[in-house]
Amino acid sequence: MLSILVCHSYFLRFDTKQVERAKPYPPLATLQVAGTLRQAGHEISLFDAMLATGIEEYERKLITARPHVVVFYEDTFNFLSKMCLVKMRQAACAMISSARRAGARVIACGPDVSDAPESYLEAGADVALVGEGLATLLDLIPRLDADVGAATAELVHGLAGTVTLVDGAPLKINGARVLNHGAQIDELAAWDLLDIERYRSVWNRAHGYFSLNMAASRGCSFRCNWCAKPIWGNRYLQRSAAAVAAEMIHLKQTYQSQHIWFADDIFGFRVDWVTQFAGALAEAGGGVPFTIQTRADLISERMAEALAAAGCREAWIGAESGSQRVLDAMNKGTTVAEIVTARERLKAAGIRVGFFIQLGYLNEQLSDILATRSLLEQARPDDVGVSVSYPLPGTRFYDLVKAQLTGKTHWQDSGDLAMMFEGTYTSEFYRAVRNLIHDQVSLQTGEADLTRGQNSAAKRALERRWHDLISSESLHRTRGSTARAGGGLGASAL
């Protein structure tokens, strides 16, 4: 059987913002692939880049493992992998080159591999897999096992979902597949190959508790214009509530996880599933507190109560904007009123709420930004994450702006917040708005810790900063947006 090194290329240390957050999670999809290949009888080793000191650590692993095959399988549950940050792509290509120099065959798979396979093939990968890639990988590995030195063209002959280089140009065999997982893949994650204590140390030092990650589902059936789905498309594949509960109990008992982050795009989806999940946990003696991502229009009163009963302590909602005009342009499918109501229902159930806010969508005007500020004032979320619209290949949004992507097409790291198309305002303006939004939410959530005088002073200082930015907003408009500045309100908006 083959000796296979399974790895990924998301190095936390290359992303300053995420280093500061100090909330690293293991590469869940990578671990599942390692476990699946091990069950097939192969000798499996793992290189986990997340907390590695650098590529040198990977090169040492190459020397000790001496693999026949290196499989780069990016963690498709990590949303930062979708963004294909420049530093991570560079790391992946350097790692692929090292593997080829070591004499290994190389297979690459992940969101960025699907979008730009030529970058990975030119770095030395024998085969790039499209989409989830797991079904194709499970067909490809036996061919390598039969003849690890076979010509690439022979290896992929008739194999759908592969891309190879032929005469220097990518040749794609169409027909990428999503594996019918049943109940197997998630339970096969090779947690034992992971240096779990490395993660525990970071979490305990920074936060005083230890968190691990899980996924109860794959994919999302909603169709927001900006959301890329290179892996599962518009499918929503949900595991059984009993299986998810059993995995949580396993992580609690075996690795003493005190919290779980569910990496699902949408957790639960149906009230009856969440209720079954809560019941299964109760029968097993109770789970651990967990955090989820969800949509405002899914939070009925029954859903909020079911989530609380299951142990949900925090829910992140893709609010995106306080402007209904912008939400409709995004094809978000939610209303501002639903966002406010979802916050109220979750709060009543004792669940903290975070809002994801997206600035800079096409033709967003100052009035829309101020509507978002008003939403935050009204709904008063416990936390907020702010980004700008990021054009990802395969999305309607990307198609609308791709003609403008002639310079920068990827962020260096997750804190970059650069506008890569010509929005209404400059990157500097949106960074200033981001800072104001963060400070506004921090002030709202910290009011109880301030004296009346301190609170009043802090509010006045924040108002002055908003006033100063709004007064100068015309100076921050991009060249093309000046002609379509119908939504600007000026300082009178205050």
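A crossing of two helices is left-handed if the near helix is turned anticlockwise from the far one by less than a right angle, and right-handed if clockwise. I keep that at the top of the page for the first entry. I also remind myself that this is a predicted model.

**Entry 1: two helices side by side**

I looked up helix H17 (residues 366–379) and helix H20 (residues 452–471), which pack at an angle of about 170° with their axes 13 Å apart. Angles over 145 degrees count as roughly antiparallel, and H17 and H20 are therefore roughly antiparallel to each other. How is their crossing handed, left or right? The crossing of H17 and H20 is right-handed. I then noted who makes the contact: H17 brings Leu366, Leu370 and Arg373, while H20 brings Glu463, Trp466 and Ile470. H17 has other company too, since it lies across strands S13 and S14 and runs at about 175° to S14.

**Entry 2: the parallel sheet**

That led me to the sheet holding S13 and S14. I found six strands in an open sheet, ordered S8-S11-S12-S13-S14-S15, with parallel pairing. Strand S8 (211–214) and strand S15 (383–388) are the edge strands, and each pairs on one side only. From one strand to the next, the twist averages 20°. I followed one pair in detail: strand S14 (residues 352–359) runs parallel to S15 and is joined to S15 by six bridges. Within that pair, Leu359 of S14 stands opposite Val388 in S15.

**Entry 3: a helix with two faces**

Next I turned to helix H14 (residues 301–310) and asked which of its residues are buried. They are Met303, Ala304, Ala306, Leu307 and Ala310. These residues cover an arc of only 165° around the axis, which puts them on the same side of H14. What do they pack against? I listed helix H13 (271–283), strand S12 (290–294), strand S13 (312–320) and helix H16 (336–348). On the face turned away from the buried side, I found the exposed residues Glu301, Arg302, Glu305 and Ala309. Just past the end of H14, Gly311 takes a positive phi of about 115°.

**Entry 4: the mixed sheet**

I moved on to another open sheet, in which seven strands follow the order S2-S1-S3-S4-S5-S6-S7 with mixed pairing. Strand S2 (43–47) and strand S7 (169–173) stand at the edges with a single partner strand each, so one side of each is left without a neighbour in the sheet. Here the twist averages 25° from one strand to the next. Helix H3 (residues 55–65) packs on this sheet, touching strand S1 (3–7), S2 and strand S3 (69–73), and its direction makes about 165° with that of S2. Helix H5 (residues 86–101) lies across S1, S2, S3 and strand S4 (105–109), at about 170° to S3. For an antiparallel pair I picked strand S5 (residues 127–129) and strand S6 (residues 162–166), which are joined by two bridges. Leu129 has Thr162 in S6 as its bridge partner.

**Entry 5: a closer look at S3**

How many residues of S3 are buried? Five of its five are, so I wrote S3 down as mostly covered. In a regular strand the side chains alternate between the two faces of the sheet. I checked the directions in S3: Val69, Val71 and Tyr73 point one way, Val70 and Phe72 point the other way, and all are buried. S3 pairs in the parallel sense with S1 over four bridges, and also in the parallel sense with S4 over five bridges. For one bridge on each side, I noted that Val6 has Val71 as its partner in S3, and that Val70 stands opposite Val106 in S4.

**Entry 6: odd backbones and a far pair**

I looked for positive phi outside glycine. Ala22 has a phi of about 55° and sits in the loop between helix H1 (16–21) and helix H2 (28–39). Arg66 has a phi of about 45° and sits in the loop between H3 and S3. Which is buried and which exposed? Ala22 counts as buried at 11% relative accessibility, whereas Arg66 is exposed with a relative accessible area of 69%.

My last stop was Glu154, in helix H9 (residues 152–156). Glu154 is exposed, with a relative accessible area of 55%. From Glu154 to Gln276 I noted 122 residues in sequence and 48 Å in space, C-alpha to C-alpha.

Note on methods. Residues numbered from 1 in each chain as written. Predicted model: local features only at pLDDT ≥ 70, side-chain atom pairs only at ≥ 80, totals over all residues. Heavy atoms only, no water. Buried < 20%, exposed > 50% of the residue type's maximum accessible area, 1.4 Å probe, protein only. Arc of directions from axis to C-beta. Contact = heavy atoms within 4.5 Å. Pairing = 2+ DSSP bridges. Axes fitted to C-alpha atoms, helices over the stretch in contact; angles between N-to-C directions. Parallel < 35°, antiparallel > 145°, perpendicular 65-115°, else oblique.
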